[in-house]
Amino acid sequence: KEDGKMDAGYFNPNPVNVGSSVWMIKEGSILIEIVLRDANYPGSKYNLIYDRQNDLLSGNYFQAVQGINYDVIFTRNK
């Protein structure tokens with residue numbers, strides 16, 4: 001949506017509750033933040049940037065329960 005809100009779903013492989021999801025444009029790049037709110041995921045979040053050239057999302061996943069950061073890449077299924 002134009003105000004930065006977005007609808008996001010997360011499945012691992014079953015649905016996990018998404019507490020909030022927003023996007024913004026910064027320095028010409030689309031940035032996305034998805035915060036999870038569910039058992040085993042409280043406060044875990046993704047901070048991603050959209051790579052237009054390669055049509056993928058990349059960034060960081062913070063696993064709050066363990067306090068560990070992971071580099072992540074998401075590709076589009078076509």
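Colleague: Which residue in S4 does Val 18 stand opposite?

Modeller: In this model, which is predicted, Val 18 stands opposite Leu 36 in S4. The strands concerned, S3 with residues 18–26 and S4, run antiparallel and are joined by eight bridges.

Colleague: And the turn of that hairpin, how many residues are between the strands, and which residue takes a positive phi?

Modeller: There are two residues between S3 and S4 in the hairpin, and Glu 27 takes a positive phi near 50°.

Colleague: Moving inwards, which residues make up the largest nonpolar core?

Modeller: That core has 11 residues, and Val 18 and Leu 36 are among them, together with Tyr 10, Val 16, Ile 32, Ile 34, Tyr 41, Tyr 46, Leu 48, Tyr 61 and Val 72. Strand S4, residues 29–36, and strand S5, residues 45–51, each supply at least two residues of the core, and the largest share, three residues, comes from S4. As a general background, nonpolar side chains in soluble globular proteins tend to be buried together.

Colleague: What does Val 72 touch, leaving out residues up to four places away in sequence?

Modeller: With those left out, Val 72 touches Tyr 46, Leu 48 and Tyr 61, and also Leu 57, Ser 58, Gly 59 and Asn 60.

Colleague: Lots of tyrosines in there; how many aromatic pairs do you count?

Modeller: The count comes to five aromatic pairs. One of them is Tyr 10 with Tyr 41, whose ring centres are 6.1 Å apart with the planes at 75°, so this pair is edge-to-face. The two residues are 31 apart in the chain, with Tyr 10 in strand S1, residues 10–11, and Tyr 41 in the loop between S4 and S5, so that the pair links distant parts of the chain.

Colleague: Are Tyr 10 and Tyr 41 buried or exposed?

Modeller: Both Tyr 10 and Tyr 41 are buried. Another pair is that of Tyr 61 and Tyr 70, where the ring centres are 6.3 Å apart and the planes stand at 25°, so the pair is stacked.

Colleague: Why do you call Tyr 61 buried, and why is Tyr 70 only partly exposed?

Modeller: Tyr 61 has a relative accessibility of 9% and therefore counts as buried, being under the 20% cut-off. Tyr 70 counts as partly exposed because its relative accessibility is 38%.

Colleague: Which residues form the aromatic cluster?

Modeller: One cluster is formed by Tyr 10, Tyr 41, Tyr 46, Tyr 61, Tyr 70 and Phe 74.

Colleague: Back to Tyr 41: what does its side chain make a polar contact with?

Modeller: The side chain of Tyr 41 makes a polar contact of 2.7 Å with the side chain of Asn 12. Again leaving out residues up to four places away in sequence, Tyr 41 touches Tyr 10, Asn 12, Val 16, Leu 36 and Tyr 61. Its relative accessible area is 14%, which is why Tyr 41 is classed as buried.

Colleague: How far is the C-alpha atom of Tyr 41 from that of Gln 53?

Modeller: Those C-alpha atoms are separated by 31 Å, with the residues 12 apart along the chain.

Colleague: Different topic: where is Asp 55?

Modeller: Asp 55 is in the loop between S5 and strand S6, residues 56–63. Because its relative accessibility is 18%, Asp 55 counts as buried.

Colleague: And what does Asp 55 touch?

Modeller: Not counting residues up to four places away in sequence, Asp 55 touches Tyr 50, Arg 76 and Lys 78, and a polar contact of 2.6 Å joins the side chains of Asp 55 and Tyr 50.

Terms used
Residues numbered from 1 in each chain as written. Predicted model: local features only at pLDDT ≥ 70, side-chain atom pairs only at ≥ 80, totals over all residues. Heavy atoms only, no water. Core = buried A, V, L, I, M, F, W, Y, C linked by side-chain atoms within 4.5 Å. Buried < 20%, exposed > 50% of the residue type's maximum accessible area, 1.4 Å probe, protein only. Helix = DSSP H or I, 4+ residues; strand = E, 2+ residues; numbered from the N terminus. Contact = heavy atoms within 4.5 Å. Phe/Tyr/Trp six-rings, centres within 6.5 Å; stacked < 30°, edge-to-face > 60°. Pairing = 2+ DSSP bridges. Polar contact = N/O pair within 3.5 Å; in protein donor to acceptor, adjacent residues only side chain to side chain.
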